[in-house]
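Please find below a short set of comments on the model under discussion. They take up the ligand site and then one helix.

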Amino acid sequence: MDLGLTGKKALIFGASTGLGRAIAIELAMEGAQVTLCSRSEDKLASLAESLSELGCSANYLIVDLSSKEDREKLVANLKSAQDGYDILINNGGGPPPSTTSETTTEQWISSFNTMLLSTFEITQAVLPHMRKNQWGRIINVVSNGVIQPIPNLSISNTLRASVIGWAKTLSNEEAANGITVNSILPGRIDTDRLKVLDANKAARTGASVESVTQASLKTIPAGRYGKPDEFAAAAVFLASDRAGYITGSMMRVDGGLIKSV
Ligand SMILES: NC(=O)c1ccc[n+]([C@@H]2O[C@H](COP(=O)([O-])OP(=O)(O)OC[C@H]3O[C@@H](n4cnc5c(N)ncnc54)[C@H](OP(=O)(O)O)[C@@H]3O)[C@@H](O)[C@H]2O)c1
């Protein structure tokens, strides 16, 4: 299947590790020109170099989404650039685990700025170019917690559900401009984030990490954690020309983890 991604310009956040990295690699292998974003220059430079050696087009931007200064600079640069992006992958670090009652005001505000405000501002900055070309793809990496809230991930459950409301509203506003807006819900995909969460649960409950992992695997009908490239395949399809009539949707990549229909 020709995905029609050759030469498309993609801006990918959280591209240094895990899901964002896997999406960047798959998009680049499909011929997209990828711009990799995160805070870690060493990891981004190394990935861009590896992709270039494979004949792909890759560059990178250092951005800390929790920094107001970094966000303002990035948004100003995106708005003033001659050229723009065709594909935006809204992705980044997960918030710290906490129960709802113990989450502090400072944590709510800083997570809102890092996870939501950054997404809103960056998306607004890339839209004019997409509208001009009557083609665009906006893909949000959220979580299975937006459908089935995850214990002790209060901030994630709350703020990512807001992304869904925002994305659906935006998808209706932009559909006639050839711009699609979709969200992907990872279940439990084998990345650094998952290791941190399993270790956190082990420390909280006094169980071993191994027993936490085994208990978690029992809740997944597929019986295993997903691989980052399995997740990335869904993102690449939603980014493709072939997915032009899919918008405002939530796609689960979870091995059946979410229990509801
Ligand atoms: N893996 C799963 O099964 C799963 C399930 C549900 C939800 N999710 C969510 O999906 C997202 C991606 O997951 P993942 O597993 O790929 O996580 P990950 O391995 O922890 O990767 C997070 C990425 O975000 C970047 N990042 C973190 N803080 C940032 C900041 N302040 N500014 C800019 N970039 C930042 C990190 O790069 P730098 O450190 O280089 O900045 C890294 O590239 C996370 O939000 C996670 O909570 C994942």
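How many nonpolar, polar and charged residues does the shell around the ligand have?

1. The model is a predicted one. By class, the shell around the ligand consists of 8 nonpolar, 14 polar and 6 charged residues.

2. There are 28 residues around the ligand, and those that come nearest are S38, S40, G92, I189 and T191. Two helices, α1 (18-29) and α6 (192-205), each contribute at least two residues to this shell.

3. Several polar contacts involve oxygen atoms of the ligand. In the side chain of S40, which is among the residues that come nearest, an N or O atom is 2.5 Å from a ligand oxygen atom. The backbone also takes part: an N or O atom of the G14 backbone lies 3.0 Å from an oxygen atom of the ligand, and for a backbone N or O atom of G94 the corresponding distance is 3.3 Å. The ligand taken alone exposes 880 Å², and the protein buries 90% of that area.

4. Helix α4 deserves separate comment. The helix spans residues 105-133, 29 residues in total. From its first C-alpha to its last it reaches 41 Å, which is close to the 42 Å expected at 1.5 Å a residue. A bend of about 35° is nevertheless found in α4 at N113.

5. Which residues of α4 are buried? They are S111, M115, L116, S118, T119, I122, T123, A125, V126, L127, H129 and M130. The buried set thus includes H129 as well as residues such as L116 and I122.

Methods
Residues numbered from 1 in each chain as written. Predicted model: local features only at pLDDT ≥ 70, side-chain atom pairs only at ≥ 80, totals over all residues. Heavy atoms only, no water. Near = heavy atom within 4 Å. Polar contact = N/O pair within 3.5 Å; in protein donor to acceptor, adjacent residues only side chain to side chain. Areas by Shrake-Rupley, 256 points an atom, 1.4 Å probe, with all protein chains shown as cover. Helix = DSSP H or I, 4+ residues; strand = E, 2+ residues; numbered from the N terminus. Nonpolar A, V, L, I, M, F, W, Y, C, P; charged D, E, K, R; others polar. Expected span 1.5 Å × (residues − 1). Bend = angle between axes of the 7 residues up to and from the residue. Buried < 20%, exposed > 50% of the residue type's maximum accessible area, 1.4 Å probe, protein only.
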